[in-house]
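Visitor: I am new here and would love a close look at a single part. Could you walk me through one strand and its neighbours?

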Amino acid sequence: PGPSAAGDGASDPRMYVQFRIEIPEASQVALAGSFTAWRPEHELTEISPGIWSTMVPLEPGVYDYTFVIDGERMVVDPYAPRVADSFGGSNSRLFLPAPNGRV
């Protein structure tokens, strides 16, 4: 089945989250985060010049993430809260509440 705004509720708590960023000079953009053990597993697609996007199914929870540009440069999401990483830099944070309001 294709992506939807949310899972089917009781049997599948996952929600499809769109990650999107504008990086005009990039030739490749990937997504890494606490939900991928910080491996850049999700490749973004250039949906229009310089606009990159992907949909990722996630369960309710709190996740930190970053965009990996051309396999070497990490960029935070300019529209998400920032949190300190363990290396003196920053990551973006995503909070997905459960449908009943619990995480």
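Which residue in E6 is the bridge partner of Ala-30?

Guide: Happy to help! This is a predicted model, in which local features need pLDDT of at least 70 and side-chain atom pairs count only at pLDDT 80 or more, while totals for chains, interfaces and linings use all residues. Residues are numbered from 1 along each chain as its sequence is written, and side-chain values use heavy atoms, with hydrogens and water left out.

Your partner residue is Val-68 in E6, which bridges to Ala-30. Strands here are DSSP runs of E with at least two residues, numbered from the N terminus, and two of them pair if DSSP finds at least two bridges between them. Strand E2 (residues 29-33) joins E6 in the antiparallel sense through five bridges.

Now turn to E9, which also pairs with E6 in the antiparallel sense, over five bridges. There, Arg-93 of E9 is the bridge partner of Asp-64.

Next comes E7, antiparallel to E6 over three bridges. Phe-67 stands opposite Val-75 of E7. The hairpin of E6 and E7 has three residues between the strands, and Asp-70 takes a positive phi near 50° in this hairpin.

What does this mean for the strand itself? Eight of the nine residues of E6 (residues 61-69) are buried (under 20% relative accessible area, with a 1.4 Å probe and protein chains only), so the strand is largely enclosed by the rest of the structure.

Notes. Buried < 20%, exposed > 50% of the residue type's maximum accessible area, 1.4 Å probe, protein only. Helix = DSSP H or I, 4+ residues; strand = E, 2+ residues; numbered from the N terminus.
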